[in-house]
Amino acid sequence: MLNHLLTTNELKVEEIYQILADAKRFAEGMEWRPEQATFAANLFFEASTRTKSSFEVAERKLGLEVIPFEVATSSVQKGETLYDTVKTLEAIGVHAVVIRHGQDRYFDELVGKVDIPIINGGDGCGHHPTQSLLDLMTIYQEFGRFAGLKIAIVGDIRHSRVARSNADVLTRLGAEVCFSGPREWYDASFNLAQYQPIDEVIEDSDVVMLLRVQHERHSLKGNFSASDYHQHYGLTIEREKRMKSGSIIMHPAPVNRNVEIADSLVECSRSRIFKQMQNGVYVRMAVIKRSLESLKGGFHNETAYQKRLLRSV
Amino acid sequence: MLNHLLTTNELKVEEIYQILADAKRFAEGMEWRPEQATFAANLFFEASTRTKSSFEVAERKLGLEVIPFEVATSSVQKGETLYDTVKTLEAIGVHAVVIRHGQDRYFDELVGKVDIPIINGGDGCGHHPTQSLLDLMTIYQEFGRFAGLKIAIVGDIRHSRVARSNADVLTRLGAEVCFSGPREWYDASFNLAQYQPIDEVIEDSDVVMLLRVQHERHSLKGNFSASDYHQHYGLTIEREKRMKSGSIIMHPAPVNRNVEIADSLVECSRSRIFKQMQNGVYVRMAVIKRSLESLKGGFHNETAYQKRLLRSV
Amino acid sequence: MLNHLLTTNELKVEEIYQILADAKRFAEGMEWRPEQATFAANLFFEASTRTKSSFEVAERKLGLEVIPFEVATSSVQKGETLYDTVKTLEAIGVHAVVIRHGQDRYFDELVGKVDIPIINGGDGCGHHPTQSLLDLMTIYQEFGRFAGLKIAIVGDIRHSRVARSNADVLTRLGAEVCFSGPREWYDASFNLAQYQPIDEVIEDSDVVMLLRVQHERHSLKGNFSASDYHQHYGLTIEREKRMKSGSIIMHPAPVNRNVEIADSLVECSRSRIFKQMQNGVYVRMAVIKRSLESLKGGFHNETAYQKRLLRSV
């Protein structure tokens with residue numbers, strides 16, 4: 001069976017630990033490469049530096065050939081569906097695809113119909129599993145456990161790809177999760193975690209996980225200016241001083257400096273923001289390895305699909 | 001002499017069979033790589049997923065370094081001519097270029113003036129030789145011959161890059177070609193092939209080669225809706241049932257589902273649509289090999305042109 | 001200390017000769033590759049064929065993995081700063097970045113704050129050091145010295161990235177530099193070089209270095225048409241005949257044919273225009289080598305920064 005990576009919700013706890021263990025090995029210098037020439041393609045239907053480059057570095061470190069795919073110059077411009085695009089890449093010999101797409105659960109129209117693994121690089125406001133996994137890796141590196149930790153997720157929880165799925169997976173792993181930020185962005189549907197005001201939550205949390213205010217998705221102006229946001233809900237220099245000893249700051253980036261977090265704290269000693277990015281490469285190497293290994297058997301230069309096509313030659 | 005690939009018309013029959021033979025060897029696992037580090041560039045002045053990715057995979061499978069070239073961010077934006085662009089790539093060490101360009105026979109201003117092979121990835125409404133060759137490969141795989149086959153080319157023959165050149169080459173190889181689709185798109189200039197209505201032609205054709213309705217190039221609306229087109233000229237579920245035993249369906253893709261062909265037929269047992277894409281990679285490997293081999297002699301990291309420049313060092 | 005390449009002004013004369021010597025060795029076939037898998041990224045915030053492709057070829061010839069970065073699809077679209085973009089690339093494992101950016105001295109906000117070398121691929125109207133270096137290489141190849149040469153820099157000296165910095169470096173190396181072109185584009189601030197009308201200057205110059213009229217940056221129309229420009233300030237067929245014996249023509253390209261230079265002179269025997277492009281690859285290989293070597297010590301797959309992040313694992 002193919003190991004797609006679609007959401008963290010459908011990963012079992014053991015699978016999560018396996019991925020984290022492999023990511024750690026990659027961070028420590030493990031080399032792993034598929035036995036045959038292997039092709040990957042990254043289909044990014046939305047802007048991204050971090051995620052796309054991170055996958056690209058991960059793929060190259062595994063020795064994969066990465067086929068460039070630019071939406072702007074592709075047949076998607078001629079109205080081609082996502083299914084036909086992926087099927088095309090499969091037919092020409094691509095072994096795995098990473099997809100970021102603005103539509104929630106875009107992958108539902110692919111799974112079971114394509115014969116290569118799909119790795120979700122972010123869908124709509126829904127899921128971003130490699131971001132969740134790199135967050136987990138960063139926390140585990142720091143504390144060596146999840147049980148008993150208190151994790152505050154602060155900010156734009158309504159539009160965040162990761163807020164709900166991180167809350168879900170952290171709870172499953174034994175941590176206590178708490179949401180903070182503007183009260184009006186929290187509602188009863190967030191049943192996994194309680195709401196606490198920022199000034200309370202920073203004092204006893206082990207991890208303060210800030211979320212990006214999505215200027216692209218909704219306007220701050222209706223409610224408050226960037227500087228208002230920073231004053232009321234952001235991690236100010238003053239608030240950082242009241243953080244629990246040994247606690248850390250995380251942020252998926254790109255950071256809006258002086259909005260979610262004071263400019264000078266982005267690279268302070270508590271901050272793991274750039275470390276998260278570094279971990280992202282190792283987590284993605286682990287995820288890609290897991291997907292490629294699930295091709296095993298059928299994986300000699302041709303996918304199962306390729307072989308089926310070849311059979312009729 | 002340089003082996004460009006410009007049009008199928010100028011390929012001799014023996015050359016065609018040589019390319020198909022090499023493509024078959026590549027499909028069967030043949031490895032061939034140039035002896036030196038070799039650079040290619042793909043210049044696509046029009047949108048394309050299939051052709052561009054297919055060339056990219058073919059190039060990588062041959063071990064080439066592929067230099068990214070995006071028209072949108074190139075000096076073409078500053079008004080640079082195609083000739084100067086190619087000459088630049090040649091000067092910096094590119095050994096072969098693949099070009100898709102909207103202008104008919106764009107390559108006439110290059111051939112004889114540049115010292116690296118040009119591989120035509122499609123020009124205007126004119127030619128698309130690697131598409132023709134992959135069609136030939138697919139037909140030959142199926143029937144082991146061209147002589148005596150009846151091939152129906154159905155649809156937008158007026159705007160198709162491949163209709164006329166496929167008709168020409170298939171006729172030269174001994175097949176009988178017949179055009180179908182809207183009567184008004186056929187005119188006396190198509191002297192290579194007769195017109196037959198779709199309901200007749202599907203009954204005795206060995207290959208039903210559907211063409212894409214080019215929404216980009218002309219509007220259907222003047223004449224008929226997409227659903228009208230499907231009813232009158234498309235391969236419906238009903239028509240497929242009347243196809244000759246052993247006959248196959250082809251389409252260069254991207255497919256307009258339920259226009260040229262019923263959605264459920266795209267991957268039916270007669271369909272070779274995704275197989276055509278798979279064959280495209282092998283045909284392109286064969287074509288690139290043929291071009292690079294024509295650099296032989298002068299082909300030690302530097303092209304003839306590079307060497308001439310170097311001589312004055 | 002990191003060897004950035006920011007401007008030619010800050011390169012010592014010995015450093016320039018070292019780069020030219022390495023470039024010559026690369027032109028003669030020297031192989032040099034970093035010992036570990038090495039990643040580079042090219043951040044081009046402005047259109048470019050020549051410079052970007054040239055860096056890309058140079059990087060591949062040195063065995064680097066090049067991470068694609070397209071501004072249009074990056075988080076720069078979400079307002080990310082240049083600093084955060086470079087820091088991100090550093091965190092994910094990129095060892096060197098090449099940047100072209102429209103802002104003068106964009107690199108001032110990076111140097112001292114990032115731990116990977118920055119190679120300036122052109123900033124604002126300011127500097128374009130690899131262009132200067134390839135010009136120097138081309139002149140040195142031809143004459144074996146700089147001292148005593150007379151170099152005319154002709155044309156759009158006001159908007160040119162290279163006019164002032166070339167004048168500076170050539171003077172330091174012992175050549176005499178003279179500006180020509182429209183008198184009104186020359187002003188007292190060009191204290192390094194005298195002004196001379198084109199018809200005088202071509203007669204005794206060893207090098208006639210034409211500059212591109214930047215249609216993008218200012219309109220010719222206020223002053224003169226393209227054909228007026230050619231007649232009054234361009235290298236016409238007639239003027240070329242009066243050039244000194246053994247003298248050469250240079251142009252950074254892309255050329256506006258029949259504006260700065262008559263169409264038929266672009267590839268005449270005096271022209272080194274395409275040779276400059278060829279030299280550009282070798283000069284860039286030398287510059288990248290110099291930058292990567294400055295990572296030595298800390299350069300085992302991880303940069304100093306990467307290692308610092310890893311230490312806390």
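**Helix α5 of chain C, annotated positions and cavities in a predicted model**

The buried residues of helix α5 in chain C are C:Ala163, C:Ser165, C:Asn166, C:Ala167, C:Asp168, C:Val169 and C:Leu170. The model examined here is predicted. Helix α5 of chain C spans residues 163-172 and is mostly covered, with seven of its ten residues buried. The packing partners of these buried residues within chain C are the helices α1 (13-27) and α4, together with the strands β5 (150-154), β6 (176-180) and β8 (207-210). Just after α5 of chain C, the backbone at C:Gly174 adopts a positive phi of about 105°.

A second helix of chain C, α9 (residues 273-293), contains C:Lys289. The relative accessible area of C:Lys289 is 9%, and C:Lys289 is therefore classed as buried, the cut-off being under 20%. The side chain of C:Lys289 makes a polar contact of 2.8 Å with the side chain of C:Asp22. When neighbours within four places in sequence are left aside, C:Lys289 is in contact with C:Asp22, C:Phe26, C:Met30, C:Trp32 and C:Leu62.

In chain A, ten helices and nine strands are assigned. The chain has 313 residues, of which 65% are buried. Of the contacts in chain A between residues at least 6 apart in sequence, 74% join residues at least 24 apart.

For chain A, the unreviewed UniProt entry lists A:Lys78, A:Arg161 and A:Arg212 under "binding site". Two of these positions, A:Arg161 and A:Arg212, were examined further. A:Arg161 is situated in the loop that runs between β5 (150-154) and α5 (163-172) of chain A. Its relative accessibility is 12%, so A:Arg161 counts as buried. A:Arg212 is also a loop residue, placed between β8 (207-210) and α7 (226-233) of chain A. With a relative accessibility of 6%, A:Arg212 likewise counts as buried. A polar atom of the A:Arg212 side chain lies 2.8 Å from the backbone oxygen of A:Pro254.

In chain B, the loop between β9 (248-250) and α9 (273-293) includes B:Ser264. B:Ser264 has a relative accessible area of 49% and is classed as partly exposed, because the class of exposed residues begins only over 50%. The C-alpha atoms of B:Ser264 and B:Ile237 are 7.9 Å apart in space, while the two residues are 27 residues apart in sequence.

Internal space was also examined. Rolling a probe the size of a water molecule over the atoms shows where empty space is left. The structure contains eleven cavities of 30 Å³ or more. The largest cavity encloses about 80 Å³ of space. Its lining consists of B:Ile92 from chain B and, from chain C, C:Arg50, C:Thr51, C:Ser54, C:Gln131, C:Leu134, C:His251, C:Pro252, C:Gln276, C:Met277 and C:Arg284. Three elements of chain C, namely α2 (50-61), α4 (129-143) and α9, each give two or more residues to this lining. By residue class, the lining of the largest cavity comprises four nonpolar, five polar and two charged residues.

Two of the chain C helices described above recur in this lining. Helix α4 of chain C contributes to the lining of the largest cavity and is also among the elements against which the buried residues of α5 pack. Helix α9 of chain C likewise contributes to the lining and holds the buried residue C:Lys289.

Notes
Residues are numbered from 1 along each chain as its sequence is written. Chains are lettered from A and ligands numbered from 1 in the order in which they are written. This is a predicted model: local features need pLDDT of at least 70, side-chain atom pairs count only at pLDDT 80 or more; totals for chains, interfaces and linings use all residues. Side-chain values use heavy atoms; hydrogens and water are left out. UniProt positions are given in the numbering used here, feature names are shortened, and annotations may be inferred rather than shown by experiment. Helices (H or I, at least four residues) and strands (E, at least two) are DSSP runs, numbered from the N terminus. Buried means under 20% relative accessible area, exposed over 50%, partly exposed in between (1.4 Å probe, protein chains only). A polar contact is a pair of N or O atoms within 3.5 Å; within protein, one must be able to donate a hydrogen and the other to accept it, and residues adjacent in sequence count only if both atoms are side-chain atoms. Contact means heavy atoms within 4.5 Å. On a 1 Å grid over the protein atoms alone, a cavity is a set of points where a 1.4 Å probe fits but cannot get out, and a pocket is an open set with protein on both sides within 12 Å along at least five of seven lines; lining residues have an atom within 4 Å of a point. Grid points are joined across faces, edges and corners, and a volume is the space filled by probe spheres set on the points. Ala, Val, Leu, Ile, Met, Phe, Trp, Tyr, Cys and Pro count as nonpolar, Asp, Glu, Lys and Arg as charged, and the others, Gly among them, as polar.
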